[in-house]
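Please open the model in your viewer, with the ligands displayed and the sequence panel at hand. The tour below proposes one selection after another and says what is to be found at each stop.

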Amino acid sequence: MSGEPVLGYPIVVGAKALDRVAAIARERGYRRAVVLADANVESHARRAAAGFGGEAPLRTFVLGEERKTLATLGAVYDALAELEVDRGTLVVGVGGGVAGDLFGFAAATFMRGVPFLNVPTSLVAMVDAAIGGKTAVDLPAGKNLAGAFADPVAVVSDVRTLETLPPAQIREGLGEMVKHAVLDGEETFAQLEHWASEPFERWPWAELIERNVRVKAAVVARDRLEHGDRELLNLGHTFAHAFERVSHYALSHGSAVAVGLRAAGIAARSWGPWPEGDQRRVVALLRALELPTSYPGLDVDGVLAAMRVDKKRREGRLRFVLPRALGDVVSGVELDDAMVRGAVERCTR
Ligand SMILES: NC(=O)c1ccc[n+]([C@@H]2O[C@H](COP(=O)([O-])OP(=O)(O)OC[C@H]3O[C@@H](n4cnc5c(N)ncnc54)[C@H](O)[C@@H]3O)[C@@H](O)[C@H]2O)c1
Ligand SMILES: [Zn+2]
């Protein structure tokens with residue numbers, strides 16, 4: 001049920017984990033808590049709040065990526081002040097990746113930091129956003145531009161909350177799961193291949209999420225502040241971010257990651273030892289999961305330009321994370337322009 005605390009805090013995954021939030025808080029020394037939630041998951045948040053003696057106060061916020069802003073952050077600070085939160089009060093945040101990033105940042109900065117317990121309720125948040133201690137809000141100038149590294153007291157994922165998550169949102173998390181499977185290797189990859197043909201209701205979510213948590217946590221533990229190794233988690237993402245931007249965000253992040261993973265594989269084929277058979281398996285898995293593997297009609301030069309903008313922000317060199325084999329991924333690969341163009345061309349027709 002509980003992941004190895006390689007990051008120094010427990011990551012609990014299981015059915016009915018919501019009912020254990022208060023007990024986990026008490027184990028960590030917190031008796032007083034307030035619960036902040038995405039309004040869409042209020043019923044789940046109520047269950048988390050109920051376990052605290054006298055029930056913890058609950059505040060809900062209408063969220064969504066377009067509300068991951070300084071304005072919403074201001075409203076969250078106001079609620080924390082009104083609830084008389086201090087450093088002895090645990091802030092419990094319930095919701096998807098937007099909620100975790102926003103409430104986590106609020107907690108990291110309110111009174112210079114109050115303790116935060118993250119209760120992710122979307123697949124993206126369970127396998128990705130809630131792991132690794134990155135918090136942020138968006139600025140008009142770009143996504144996640146104001147934020148902090150701040151570890152939570154604990155992460156508690158109740159897989160039963162996924163029962164209310166729309167299938168399209170489940171799919172948003174699958175691209176990252178394929179990414180983690182390529183990073184981790186054959187066993188994890190084959191497990192996902194096995195379940196891909198089964199309906200979501202049958203998936204052993206707790207087991208799959210725990211495995212994904214282990215993969216991400218292991219990478220993060222080697223490089224918490226993102227100076228090097230953590231880059232491996234950007235597999236497929238240099239392409240994905242450019243696809244997203246040039247599509248004017250018509251392509252969701254999860255879909256862009258899927259196309260980006262295929263693109264990274266194509267580039268890896270022209271660069272190094274990544275086997276044709278493994279590339280075929282990645283593409284077949286993405287398709288079995290009903291994820292896109294191309295975005296026809298996207299402007300190739302626009303995508304290449306968008307990648308160069310990204311590169312300017314990152315010290316001038318366009319460097320890629322590429323697979324050499326399942327379970328063997330390298331970062332910092334500089335590719336010839338023609339290889340990058342070739343990959344983009346194939347993924348835009
Ligand atoms: N901090 C990190 O390391 C990190 C990593 C990846 C992504 N992120 C961030 O995460 C965000 C994306 O996360 P997301 O996809 O979870 O988006 P989200 O939080 O907007 O959730 C997606 C939708 O699902 C709803 N929802 C969530 N849980 C639900 C449930 N159990 N039942 C019904 N509806 C539910 C939400 O209200 C929302 O409408 C982005 O802002 C991204 O920047 C952060
Ligand atoms: Zn991603």
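In which helix is M177 found? Select M177, and you will be in helix α6 of what is, it should be said at the outset, a predicted model. M177 is buried, with a relative accessible area of 2%, where the cut-off for that word is under 20%. If you add A306 to the selection, the two C-alpha atoms are 25 Å apart in space, while 129 residues separate M177 from A306 in sequence.

**Along helix α6**

Extend the selection to residues 167-184, which make up the 18 residues of α6. From the first C-alpha of α6 to the last the distance is 25 Å, close to the 26 Å expected at 1.5 Å a residue. The helix is mostly covered, since 13 of its 18 residues are buried. Step beyond its end to G185, the residue that follows α6, and you will find a positive phi, near 125 degrees.

Now return to α6 and pick K179, which also has its place in this helix. Is K179 buried or exposed? At a relative accessibility of 2%, the lysine counts as buried, and a polar atom of its side chain lies 2.8 Å from the backbone oxygen of L233. Showing the side chain of K179 together with the backbone of L233 brings this pair into view.

**The zinc ion**

Select ligand 2, the zinc ion, and then display E176, H237 and H253, which are its protein donors. The donor atoms are OE of E176 and NE2 of each of the two histidines, and they lie 2.0 to 2.1 Å from the ion. Read along the sequence, the donor residues follow the spacing E-x60-H-x15-H. H237 belongs to helix α9 (residues 237-246) and H253 to helix α10 (residues 253-271), so the two histidines tie together parts that are 16 residues apart in sequence. Their surroundings can be compared through their accessibility: H237 is buried, with a relative accessible area of 5%, whereas H253 is partly exposed, at 25%.

From H253, extend the selection over the whole of α10. The end C-alpha atoms of α10 are 26 Å apart, which agrees with the 27 Å that its 19 residues should span at 1.5 Å a residue. Because 15 of these 19 residues are buried, α10 is largely enclosed by the rest of the structure.

**The shell around ligand 1**

Move next to ligand 1 and select the 23 residues around it, among which D38, N40, E65, S122 and T164 come nearest. Which kinds of residue make up this shell? It divides into five nonpolar, 10 polar and eight charged residues.

For individual contacts, begin with N40, where an N or O atom of the side chain is 2.8 Å from an oxygen atom of ligand 1. Then switch to a backbone display, in which an N or O atom of K134 lies 2.9 Å from a nitrogen atom of the ligand, and a backbone N or O atom of T161 likewise lies 2.9 Å from a nitrogen atom of ligand 1. Of the 870 Å² of accessible area that ligand 1 has on its own, the protein covers 84%. To see which elements give two or more residues to the shell, colour α4 (97-109), α5 (123-129) and β8 (142-149).

**Helix α11 and two loops**

Select R287, whose place is in helix α11 (residues 276-288). Its side chain makes a polar contact of 3.1 Å with the side chain of T293. Adding A258 shows a residue that is 29 residues from R287 in sequence and 9.3 Å from R287 in space, C-alpha to C-alpha.

Continue to E290, in the loop between α11 and α12 (300-313). The phi of E290 is near 60 degrees, a positive value in a residue other than glycine, and at 57% relative accessibility E290 counts as exposed.

For the last stop, select E84, which lies in the loop between α3 (70-82) and β5 (90-95). What is the phi of E84? It is near 55 degrees, again a positive value in a residue other than glycine, and E84 is exposed, with a relative accessible area of 61%.

Definitions and conventions
Residues are numbered from 1 along each chain as its sequence is written. Chains are lettered from A and ligands numbered from 1 in the order in which they are written. This is a predicted model: local features need pLDDT of at least 70, side-chain atom pairs count only at pLDDT 80 or more; totals for chains, interfaces and linings use all residues. Side-chain values use heavy atoms; hydrogens and water are left out. Donors are N, O and S atoms within 2.8 Å of the metal (3.2 Å for Na, K and Ca); water is not among the atoms, so sites may look incomplete. Helices (H or I, at least four residues) and strands (E, at least two) are DSSP runs, numbered from the N terminus. Buried means under 20% relative accessible area, exposed over 50%, partly exposed in between (1.4 Å probe, protein chains only). A residue is near a molecule or strand if one of its heavy atoms lies within 4 Å of it. A polar contact is a pair of N or O atoms within 3.5 Å; within protein, one must be able to donate a hydrogen and the other to accept it, and residues adjacent in sequence count only if both atoms are side-chain atoms. Accessible areas come from the Shrake-Rupley method with a 1.4 Å probe; for residues, only the protein chains shown count as cover. Ala, Val, Leu, Ile, Met, Phe, Trp, Tyr, Cys and Pro count as nonpolar, Asp, Glu, Lys and Arg as charged, and the others, Gly among them, as polar. The expected span of a helix is 1.5 Å times one less than its number of residues.
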